[in-house]
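Morning, everyone. Please have the sequence and the model open while I talk.

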Amino acid sequence: MAEGGYIDFHVHLPWREHDPREAARRLLAEMDSAGVERAVVIAVEPSLKLFKERVNAETIRKAAADALDYLVYMRIPRLRRILFSPEESLNEHERILVEHTRRSEDVLEAAEASGGRLLAVASYNPELGPIGTLERIKGKRYLGVKLYPTLHFCTPNEKRLRPLLDYMESEGLILIVHTGCDPGIWELPDLCSGARPSSLEPVARRHRDLVIVVAHLGSYSALKPGIYFDEALRLIERYDNVYADTSAVDSFLVELAVERVGYDKLLFGSDYPYVTGLTIADFVESILRMNIEWRAKMAILRWNAERLLKRLGRL
Ligand SMILES: [Zn+2]
């Protein structure tokens, strides 16, 4: 193990505990059994209202028809339902959105109860918008803000986000962006193309001092793992301020990333507890088993995150 333990740059609060302090205890126990000293805990705030405005049975039918060649070999139950009974699938998506919600304030409360081991990342909130989100995080102890272009129906390079990004850049807050697809209808290219890493390029160029973390290395997809992997690598290579996390990324792709762009900007992430059935220890283990040099493993599991957090004055 690296001295001081590993750092997990991408976790969420556990499922069942509704009380943030209880959730923090559960998460810390999970981290202990994986040798993880610190974790970045990320809030998730989708909007049911926005989902209902943006998605109906017709949207789904159209997105599915556009991707029919892509979907023809799929064997994923939820996608079958999306294709054949879009109305039913809408209800299921609404239920999942509610189930996955983790409020920013709850994440902050959990972090405050963790003795410094958890660092809270707020969620962009599409109902509050950029200015409302800014007001909400101002002066609080958040490490940064996460944007989900899929769930938020918002692309990172939209002009209206600039005041929020300017604020974050000046305050040393990091921007984490979900990249790749997402379960359910967000596997359809029409609905996940806003989460392409390339849409972050103008942001990385404009906000040189804003640390950006490309979550999932552009690779999140059950149907097509590694869907935007190349775009993520290009971004990391080209911009000093861009990092990526390894959460929900196939080991083979992480090894390939190390070979192609080195390991200095890769941060370990488990996405616990969203990858059902797997523990943080399982993900640590998968990095340790990779076919890369030992230094690369330690850099991904701790050193890179440690260096970054120190620079941001958070360690
Ligand atoms: Zn996640």
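One definition before we start. Buried means under 20% relative accessible area, exposed means over 50%, and partly exposed is what falls in between. Take A248 as the test case: at 31% relative accessibility, A248 counts as partly exposed. A248 lies in the loop between strand 7, residues 242–245, and helix 14. Its phi is near 55°, a positive value in a residue other than glycine. One caution: this is a predicted model.

Now the metal. Which residues coordinate the zinc ion? H10 and H12 do, each through NE2, and D271 does through OD. The distances run from 2.1 to 2.2 Å. Along the chain, the donors follow the spacing H-x1-H-x258-D. Are the two histidines buried or exposed? H10 has a relative accessible area of 0%, so it is buried. H12 comes in at 1%, so it is buried too.

D271 takes us to the largest pocket. Its volume is about 1,000 Å³. The lining has 48 residues, and the closest to the pocket centre are P183, Y220, D271, Y274 and V275. So D271 plays two parts here: it is a zinc donor, and it is one of those residues closest to the centre. Which elements give two or more residues to this lining? They are helix 5 (77–84), helix 6 (86–100), strand 6 (212–220), helix 14 (251–261) and helix 15 (280–288). Helix 6 gives the largest share, six residues. By character, the lining divides into 24 nonpolar, 15 polar and nine charged residues.

Staying with that part of the sequence, look at Y272 and P273. A cis peptide bond joins them, with omega about -5°. P273 sits in the loop between strand 8 and helix 15.

Next, the packing. In soluble globular proteins, nonpolar side chains tend to be buried together. The largest nonpolar core here has 70 residues. Those with the most contacts inside it are L27, L118, M168, L175, L217, I280 and I300. Another core lies apart from it, with 34 residues, among them F9, F153, Y243 and L267.

Pick two residues from the larger core. L217 is found in strand 6. At 0% relative accessibility, L217 is buried. Its phi is positive, about 50°, although L217 is not a glycine. Then L175. Beyond its neighbours up to four places away in sequence, L175 touches V145, L147, L165, M168, L200, V203, L210, V211, I212 and V213.

L175 also lines the largest cavity. How many cavities of 30 Å³ or more does a search of the whole structure find? One. Its volume is about 60 Å³. Besides L175, the lining holds Y124, V145, L147, P156, L161, L164, L165 and V203. In character, those lining residues are nine nonpolar, no polar and no charged. Strand 4 (144–147) and helix 10 (162–171) each supply at least two of them.

Helix 10 deserves its own look. L164, L165, Y167, M168 and E169 are buried in it. What covers them includes helix 8 (129–137), strand 4, strand 5 (174–180) and helix 12 (201–206). After helix 10 comes G172, with a positive phi near 70°.

Three single residues to finish. First, K265, in the loop between helix 14 and strand 8 (266–267). Why does this lysine count as buried? Because its relative accessibility is 17%, and the cut-off for buried is under 20%. Leaving aside neighbours within four places in sequence, K265 is in contact with I236, Y239, D240, V242, Y243, A244 and N304. One of those contacts, Y243, belongs to the 34-residue core.

Next, S104, in helix 7, residues 104–112. S104 is buried, at 1% relative accessibility. Outside four places in sequence, S104 touches A43, E45, A122, S123, R136 and Y142.

Last, G184, in the loop between strand 5 and helix 11 (189–192). At 8% relative accessibility, G184 is buried. G184 and V44 are 140 residues apart in sequence, and their C-alpha atoms are 16 Å apart in space.

That's my tour. Over to you.

Notes:
Residues are numbered from 1 along each chain as its sequence is written. This is a predicted model: local features need pLDDT of at least 70, side-chain atom pairs count only at pLDDT 80 or more; totals for chains, interfaces and linings use all residues. Side-chain values use heavy atoms; hydrogens and water are left out. A nonpolar core is a set of buried Ala, Val, Leu, Ile, Met, Phe, Trp, Tyr and Cys residues joined through side-chain atoms within 4.5 Å. Buried means under 20% relative accessible area, exposed over 50%, partly exposed in between (1.4 Å probe, protein chains only). Contact means heavy atoms within 4.5 Å. Donors are N, O and S atoms within 2.8 Å of the metal (3.2 Å for Na, K and Ca); water is not among the atoms, so sites may look incomplete. On a 1 Å grid over the protein atoms alone, a cavity is a set of points where a 1.4 Å probe fits but cannot get out, and a pocket is an open set with protein on both sides within 12 Å along at least five of seven lines; lining residues have an atom within 4 Å of a point. Grid points are joined across faces, edges and corners, and a volume is the space filled by probe spheres set on the points. Helices (H or I, at least four residues) and strands (E, at least two) are DSSP runs, numbered from the N terminus. Ala, Val, Leu, Ile, Met, Phe, Trp, Tyr, Cys and Pro count as nonpolar, Asp, Glu, Lys and Arg as charged, and the others, Gly among them, as polar.
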